[in-house]
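Me: Could you take me through the salt bridges in this structure, one pair at a time? I'd like to see which parts of the chain they join.

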Amino acid sequence: MQTDTRIPLPQGMYRDVLKDADGRVIWDRGWSKNAILADCRRLLAAFMGGTPGATLGIQGLAVGAGLASWDQVPPPPPTGNETGLTDPSPFVVPAANLDFTFMDGPVPSASPTNRLQIVATLGPNVPPWPNGSHASGNLREFGLIAQLGGAPTQINLVRHPVVAKDPASTLERTIWLVF
């Protein structure tokens, strides 16, 4: 009998729902896959190995404008080795503004499971664009940020079709990480 030596990798999914100023759904893009990066596996290994120091779980969600050219030619898929967003000045939603829930399938669980749901609500004027670095509120990428050995570390990445977020709209982003 042969042993299967493949190790299933962590998986991720996300769903974006954009609402107008009155809370009405403008669109719901449904669920899509996201890329779990190599640094996520390094982070998990650090936790399992009891690595001392400043290694912390999810510290925030970075959102960026990406490249406008992605609207005509989709960006290349992530390789898994990315260390940040394309946007040199992303906006970071801090962990205190994220909602974390363990899930047992589609049902919330009071105790830890192998599925973590993270919900980010980017309300009116979040991010605060346009500003000196961004001509509009367009979003095309995001990534969860953790801390490994005291340094910010991106653990997942999504490059997606443009979300034209005006200052009055709310983007509800739900992310599932399955380990």
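Reply: Happy to; here is a walk through the charged pairs, after a short look at the whole chain.

First, some ground rules: this is a predicted model, in which local features need pLDDT of at least 70 and side-chain atom pairs count only at pLDDT 80 or more, while totals for chains, interfaces and linings use all residues. Residues are numbered from 1 along each chain as its sequence is written, and side-chain values use heavy atoms, with hydrogens and water left out.

The chain has 1 helix and 11 strands (DSSP runs numbered from the N terminus, with at least four residues of H or I for a helix and at least two of E for a strand). Along the sequence they follow the order β-β-α-β-β-β-β-β-β-β-β-β. Of the 179 residues, 40% are buried; buried means under 20% relative accessible area, exposed means over 50%, and partly exposed lies in between, using a 1.4 Å probe and protein chains only.

Now to the charges. The chain carries 13 positive and 14 negative side chains, and the centres of the two sets are 4 Å apart (Lys and Arg count as positive, Asp and Glu as negative, with His and the chain ends not counted; each charge is placed at NZ of Lys, CZ of Arg, CG of Asp or CD of Glu). Side chains of opposite charge can pair when their charged atoms come close. The whole structure holds 8 salt bridges, each a side-chain nitrogen of Lys or Arg within 4 Å of a carboxyl oxygen of Asp or Glu.

One of them joins Asp28 to Arg15, with 2.3 Å between the closest N and O atoms. This pair links distant parts of the chain, as Asp28 sits in strand S2 (residues 25–36) and Arg15 in strand S1 (residues 11–19), 13 residues apart. Asp28 is partly exposed at 36% relative accessibility, and Arg15 is partly exposed at 29%.

Within helix H1 (residues 38–48), Arg42 and Asp39 are 3 residues apart, which is about one helical turn. Their closest N and O atoms are 2.5 Å apart, and Asp39 is buried at 14%.

Arg159 and Glu82 form another salt bridge, at 4.0 Å from N to O. Because Arg159 belongs to strand S10 (residues 156–164) and Glu82 to the loop between strand S3 (56–64) and strand S4 (91–94), the pair ties together parts 77 residues apart in sequence. Arg159 is partly exposed at 22%, whereas Glu82 is buried at 15%.

Finally, Asp20, Asp22 and Arg24 form one network through salt bridges that share partners.
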